[in-house]
Amino acid sequence: MASVSLNAALILAGVLFSIGFAGLLVRRNLIVVLACIEIMLNAAGLAFVAAGARWGHADGQVMFIFVLAMAAAEVAVGLGIAIRFRHQFGRLDVDDADEMKG
Amino acid sequence: MTALFYIAAAVAVVATLLVVTRSNLVHALLYLVVSLFAVAVIFFTLGAPFVAALEVIVYAGAIMMLFIFAVMLLNVRADEDQMRVPRRAWIGPVVLVAVLLAEVVYGVQLKDATLAGGEVGPAAVSTSLFGPYVLGVELASMLLLAALVGARHVAAQPDAAPAELGAEYAAPGDAPGSDAAGAGAAGAHETDAAGDAGADEASAPDDQAGREPAEAV
């Protein structure tokens, strides 16, 4: 049935991860930065599922479920930080938070 | 199946590119939903229907709703023009990331592998999840609880919290007071505090929505 090659799935995961990473480096809006992290986590999950499908095991999907739970936790805290950020600085530019000279 | 995979992959890549390049935040998030749907189709073609359903329900449903709610709550439209990224800023990061991607593609190409075929259904995933991985499930539940508490703590107003708490507990006792002047003063204080409480309550739906993925997972 599944005649997709593992290589294609892994390359797709790499491409999606790279797009998310480039967006993370360039964009300055905190919400877009969080969305880029979601893209990268999703790409990592895709790689897990593809690797699980390579051997016909369920472990890859189990790992994706853990990645999903972590992404949900991360985005809840991240959006909480976004709300505080907005109260503190009046806008969502991550460059405003330069107090630690990062 | 292969054609389906490649079409969905093209849609996912294009939609994700649009996510990181659009300056309108709501458009970017809607493209992200499209990208997640495309990845769900890819999961189907890889023989993982349970994860495909989870992708739609939790990612495209719960997490993206959190994003949309946050955008609406924060009213970010005014920021967008100030934060427009100059085209030149893309060059450096994109070149470096392209080099890394080329390395990954090269490394993957070295060894050709096909998938095992057949699908791994929800029953197999659940047996594995609650068999050898049950400790991970417990840890994930603790992580989600910590995220819930942490999100509430981070998003709450630190100075407004005690006043709001006091008003909340004082309000039922003060309301039936017979002293007209005292009740008036208390009422004025209450409306003021209620305003604060209302402002703080605005973050409550976010917490509520933040807990939804926890229940779903």
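Which element of chain A has the lowest mean pLDDT, and which the highest? α3(A) has the lowest, at 91, and α2(A) the highest, at 93. This is a predicted model. Chain A as a whole has a mean pLDDT of 89. In that chain, 96% of the residues reach 70 or more. Where pLDDT is low, predicted coordinates should not be read in detail.

**The interface**

Chain A contributes 67 residues in contact with 80 residues of chain B. On the chain A side, α1 (6-26), α2 (30-55) and α3 (59-89) each supply at least two residues. The largest share comes from α3(A), with 22 residues. The side of chain A that touches chain B breaks down by class as follows.

| Class, chain A side | Number |
|---|---|
| Nonpolar | 45 residues |
| Polar | 13 residues |
| Charged | 9 residues |

**α1(A) against α1(B)**

Two packed helices are described by the angle and the distance between their axes. The axes of α1(A) and α1(B), the latter spanning residues 2-21 of chain B, come within 9 Å. They cross at roughly 5 degrees. An angle under 35 degrees counts as roughly parallel, so α1(A) is roughly parallel to α1(B).

Which residues of α1(A) meet α1(B)? They are Ala8(A), Leu12(A), Val15(A), Leu16(A), Ile19(A), Gly20(A), Ala22(A) and Gly23(A). Their partners in α1(B) are Phe5(B), Ala9(B), Ala12(B), Val13(B), Thr16(B), Leu17(B) and Val20(B). The residues of this helix contact divide into 12 nonpolar and 3 polar, with no charged residue.

Note on methods:
Residues are numbered from 1 along each chain as its sequence is written. Chains are lettered from A and ligands numbered from 1 in the order in which they are written. This is a predicted model: local features need pLDDT of at least 70, side-chain atom pairs count only at pLDDT 80 or more; totals for chains, interfaces and linings use all residues. Two residues are in contact if their C-beta atoms, placed from the backbone, lie within 7 Å. Helices (H or I, at least four residues) and strands (E, at least two) are DSSP runs, numbered from the N terminus. Ala, Val, Leu, Ile, Met, Phe, Trp, Tyr, Cys and Pro count as nonpolar, Asp, Glu, Lys and Arg as charged, and the others, Gly among them, as polar. pLDDT is the predictor's confidence in each residue, from 0 to 100. Axes are lines fitted to C-alpha atoms, for helices over the stretch in contact, and angles run from 0 to 180 degrees between N-to-C directions. Angles under 35 degrees count as roughly parallel, over 145 as roughly antiparallel, 65 to 115 as roughly perpendicular and the rest as oblique.
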